[in-house]
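Hi,

Here is the model I said I would pass on. Have a look at the sequence and coordinates first, and my notes follow underneath.

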There are 2 protein chains.
Amino acid sequence: MEPIVLASCSRRRQDYFKMLGLPHKILPANIDETVEDGLSPEDFAKKMAVAKVEKVLYDLSGKIPQWVFGADTLIALDDIVLNKSKSREEARQSLKKLSGRSHKVITACALFCGKTKNIDCRIATTIVHFAELDSEILEWYLNTGEWQGAAGSYQIQGLAGCFINRIEGSFSGVVGLPLRLFYLMLLENGYDYGNYVI
Amino acid sequence: MEPIVLASCSRRRQDYFKMLGLPHKILPANIDETVEDGLSPEDFAKKMAVAKVEKVLYDLSGKIPQWVFGADTLIALDDIVLNKSKSREEARQSLKKLSGRSHKVITACALFCGKTKNIDCRIATTIVHFAELDSEILEWYLNTGEWQGAAGSYQIQGLAGCFINRIEGSFSGVVGLPLRLFYLMLLENGYDYGNYVI
């Protein structure tokens, strides 16, 4: 089986890779993730995922790997991207915006194939319905620290489950790696699962 | 904070309790879970969840605890309950039935309150859409062993994510403990979260 370079420092993506048992190595790609005006959330997510893959290819300076995978997860409310929060106060404002409403979680996945030199990029979108957050549950959640480093300032696989009424789409996509989409992208780009799956 | 007796040997429910950080003790309730004719899947799940709570109350022989929680998760396809599989062959047949179709995952939650002597029972229902499973991915999944002890012979939080197209409802409900519902049941039955949440 061919190792996949995972262009991500997200612990959740790394956990999913471990669970899948696919051979891989981690090479985080540091890129500028400042949200740009004029791009839809979907196009911005795709741009970021591709940029992560390209950054790793650049960092490898000519040594072309067989597979590189990058992803970008973001939250869009009324088609406006919510940035990751840098402070507790920013997280509070972000969660207040999401309170009692539905938003989109978009995860773009980019896969580079060394054989074709092509980057395949696709997205998984999930709708997440938040309950109303009163100030008590909001402060409690901020105390958990889960908002740190998380798109939308919450972690669906964590305690945020207490105020999420329902989702429509891919749970793993909200966590950061839409498993079904990832599986299909590998398959359709000719990844050799060997004795693993096929 | 008042300890909750968790009437379940499900490791996933225990993990959620640990994540929530609520004081609790585990007293698994061994009951007969044979599916009965004539009951809807929803009513059967409720009956099982309540039976688990009642069994724990019986086992405690008169010492009335403040809180007892029991739950039951089952899969219904066309309103027929799929039993847990006892063998690899049963799991294969069960997964073949789910292939390329949608099914319901019902988790009934029963909460006994020592103060009121009441058992509150509610359900969370989630629709899960399976992709088509060809024989290769089916045999691979059977090899993972995830089917063992699982309602519907799959674990959504595990590798089954590779063939689940989408869900509508509560992810944690499919895992076995619908977090939002559980949070509301405790709150509305007068559980004192202390400094924890409220």
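Let's start inside chain A: Leu74(A) stands opposite Ile106(A), a residue of β5(A). That pair belongs to an antiparallel arrangement in which ten bridges link strand β3 (residues 67-77) of chain A to strand β5 (residues 102-113) of chain A. On strands: I take them as DSSP E runs of at least two residues, helices as H or I runs of at least four, both numbered from the N terminus, and two strands count as paired if DSSP finds at least two bridges between them.

Before going further, the housekeeping. This is a predicted model, where local features need pLDDT of at least 70 and side-chain atom pairs count only at pLDDT 80 or more, while totals for chains, interfaces and linings use all residues. Residues are numbered from 1 along each chain as its sequence is written, and chains are lettered from A and ligands numbered from 1 in the order in which they are written.

As for confidence, chain A has an average pLDDT (the predictor's confidence in each residue, from 0 to 100) of 94, and 98% of the residues score at least 70. For the complex, the predictor gives an ipTM of 0.93 and a pTM of 0.94.

Back to the sheet. β5(A) also pairs with strand β6 (residues 118-130) of chain A, antiparallel again, over twelve bridges; there, Thr107(A) sits opposite Ala124(A) of β6(A). The hairpin of β5(A) and β6(A) has four residues between the strands, and Lys117(A) takes a positive phi near 60° in it.

Next, the packing. The largest nonpolar core (buried Ala, Val, Leu, Ile, Met, Phe, Trp, Tyr and Cys residues joined through C-beta atoms within 7 Å) has 122 residues, and Ala49(A) and Ala49(B) have the most contacts inside it. Buried means 20 or more other C-beta atoms within 10 Å of a residue's own, exposed means 12 or fewer, and partly exposed is in between, with C-beta atoms placed from the backbone. Contact means C-beta atoms within 7 Å, again placed from the backbone. Leaving out residues up to four places away in sequence, Ala49(A) touches several residues, including Gly70(A), Ala108(A) and Cys121(A).

Gly152(A) is worth a click too. It lies in the loop between α4 (135-144) and β7 of chain A, and it is buried, with 28 other C-beta atoms within 10 Å. Its C-alpha atom is 8.7 Å from that of Val105(A), 47 residues apart along the chain.

Now, how do the two chains meet? In contact are 24 residues of chain B and 24 residues of chain A. On the chain B side, α4 (135-144), β7 (164-169), α5 (171-175) and α6 (179-188) each supply at least two residues, and β7(B) gives the most, with six. Three bridges join β7 (residues 164-169) of chain A to β7(B), running antiparallel, and Ile167(A) has Gly169(B) as its bridge partner.

What about symmetry? Chain B superposes on chain A (least squares on C-alpha atoms of residues with pLDDT of at least 70 in both) by a rotation of 180° with 0.0 Å of shift along its axis, RMSD 0.0 Å. That is the relation of a two-fold axis. Of the residues of chain B, Glu168(B) comes closest to the axis, its C-alpha at 2.2 Å.

Cheers

Technical notes: Contact = placed C-beta atoms within 7 Å.
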